[in-house]
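Work through the exercises below with the structure open. Try each task before reading its solution.

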Amino acid sequence: MSETSLPSIYSFKDYKKYLQKWIEAHPMKGRGILSAMAKALRTQTSFLSQVISGELNFSSEQALDLAAYLKLSESETDYLLLMVAYARAGSANLRARLKKQVETAKELGMKERVKSDITHVLSEQDQQIYYSAWYYSVIHIAATLPSLRNAKTIALRLGLSISLVENVLEFLLAKDLVRKDKDGQITFGNSRLHLEWNSPMQVRNHSNYRMLTMNSVDNGIKLEDLHYSSVVSLANEDYQNIRDTISHMIRDARLKIRESEPAEELVCFAVDFFRIGKLD
């Protein structure tokens with residue numbers, strides 16, 4: 001089974017619900033999984049059933065063995081151990097403290113799941129240039145399209161001057177983000193870049209793509225385009241659930257994008273879902 005088809009542990013605050021979904025994701029709803037899991041944890045299948053569906057909990061040692069069986073990463077293992085500790089907490093004060101830790105770890109974990117593979121890191125000075133305007137990243141990704149292989153075709157497609165595109169390509173070539181083949185045509189260089197969620201460049205990065213969105217809307221909404229904006233009120237639990245659903249959608253879309261061949265379309269992918277106003 002592909003690991004990408006399994007649920008992310010960061011979608012859950014309750015490790016039992018995670019295990020239920022993990023088992024259900026397997027063929028025949030996980031028939032035989034409990035026996036294999038019990039063997040890995042050196043315990044009885046009946047005990048596992050009582051943990052997953054009942055009031056019993058794993059020990060920290062059992063949770064560590066479980067993480068190895070589930071092939072979790074180091075950070076995912078820490079998160080599982082934290083969820084187990086939270087479920088086992090005996091006092092209200094300890095539960096409240098661990099709950100905050102679980103929520104924080106979940107937030108960070110969800111952000112990591114959205115992150116793409118990083119093969120190239122720009123210096124702080126280069127980041128300030130790359131994220132200074134929307135056309136740097138767009139021209140960078142435009143190099144993946146066979147129809148956009150030189151400054152002229154890129155300029156025509158994006159409605160930019162050839163001199164501007166040439167200046168941007170000069171920067172991208174110097175940073176190995178794009179390359180030139182033997183015929184002098186522009187080709188894609190290093191993989192897509194990623195900014196940490198707390199990077200000071202995020203303000204410019206998000207602003208750039210929202211500017212692209214407004215340009216698209218101003219030029220007339222096309223039938224095949226998707227633009228949705230709304231302000232709503234909802235329960236905090238529903239906010240958390242919807243945000244998690246959107247995070248999964250983004251992750252699945254990025255996997256699809258990564259494997260999509262041949263490159264034929266240049267698309268802006270921007271999603272917003274956030275609380276409005278000051279929070280205590």
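**Exercise 1: a surface patch**

Met 249, Ile 257, Phe 269 and Val 271 make up a nonpolar surface patch with about 320 Å² of accessible area together. The model is predicted: local features need pLDDT of at least 70, side-chain atom pairs count only at pLDDT 80 or more, and totals for chains, interfaces and linings use all residues. Residues are numbered from 1 along each chain as its sequence is written, and side-chain values use heavy atoms, with hydrogens and water left out.

Task: place Ile 257 in the fold and classify its accessibility.

Solution.
- Step 1. Recall the patch rule: members have over 30% relative accessible area and no salt bridge; like charges are joined within 9 Å, nonpolar side chains (Val, Leu, Ile, Met, Phe, Trp, Tyr) within 5 Å. Areas come from the Shrake-Rupley method with a 1.4 Å probe, and for residues only the protein chains shown count as cover.
- Step 2. Ile 257 sits in helix H12 (residues 236–259). Helices are DSSP runs (H or I, at least four residues), numbered from the N terminus.
- Step 3. Ile 257 has 42% relative accessibility, so it counts as partly exposed. The classes are buried (under 20% relative accessible area), exposed (over 50%) and partly exposed in between, with a 1.4 Å probe and protein chains only.

**Exercise 2: a charge without a partner**

Task: find what surrounds the side chain of Arg 149.

Solution.
- Step 1. Locate Arg 149 in the loop between helix H8 (134–142) and helix H9 (151–158).
- Step 2. Look for a salt bridge (a side-chain nitrogen of Lys or Arg within 4 Å of a carboxyl oxygen of Asp or Glu). Arg 149 is buried yet has none. Asp 181, the nearest side chain of opposite charge, is 5.7 Å away. Here Lys and Arg count as positive, Asp and Glu as negative; His and the chain ends are not counted.
- Step 3. Check the backbone. A polar atom of the Arg 149 side chain lies 2.9 Å from the backbone oxygen of Leu 145.
- Step 4. List contacts (heavy atoms within 4.5 Å). Beyond four places in sequence, Arg 149 is in contact with Ala 143, Thr 144, Gln 185, Ile 186 and Thr 187.

**Exercise 3: two buried amides**

Task: describe the settings of Gln 62 and Asn 205.

Solution.
- Step 1. Gln 62 belongs to helix H4 (residues 60–70). Its relative accessibility is 18%, so Gln 62 is buried.
- Step 2. The Gln 62 side chain reaches the backbone nitrogen of Ser 59 at 3.0 Å. Not counting residues up to four places away, Gln 62 touches Leu 41, Thr 43, Phe 47 and Asn 57.
- Step 3. Asn 205 belongs to helix H11 (residues 202–218). With a relative accessible area of 13%, Asn 205 is buried.
- Step 4. With the same sequence exclusion, Asn 205 touches Tyr 131 and Leu 195. Asn 205 and Ser 132 are 73 residues apart in sequence, but 7.9 Å apart C-alpha to C-alpha.

**Exercise 4: salt bridges**

Task: how many salt bridges are there, and which residues form a network?

Solution.
- Step 1. The whole structure holds nine salt bridges.
- Step 2. One of them joins Glu 103 and Lys 13 (3.6 Å, N to O). This pair links distant parts of the chain, 90 residues apart: Glu 103 in helix H6 (residues 92–114), Lys 13 in the segment before helix H1 (15–24).
- Step 3. Glu 24 pairs with Lys 21, closest N and O atoms 3.9 Å apart. They are three residues apart in helix H1, so about one helical turn separates Glu 24 and Lys 21.
- Step 4. Asp 244 and Arg 243 meet at 3.5 Å, N to O. Both Asp 244 and Arg 243 are buried. Shared partners join Lys 106, Glu 107, Arg 243 and Asp 244 into one salt-bridge network.

Notes. Helix = DSSP H or I, 4+ residues; strand = E, 2+ residues; numbered from the N terminus. Polar contact = N/O pair within 3.5 Å; in protein donor to acceptor, adjacent residues only side chain to side chain.
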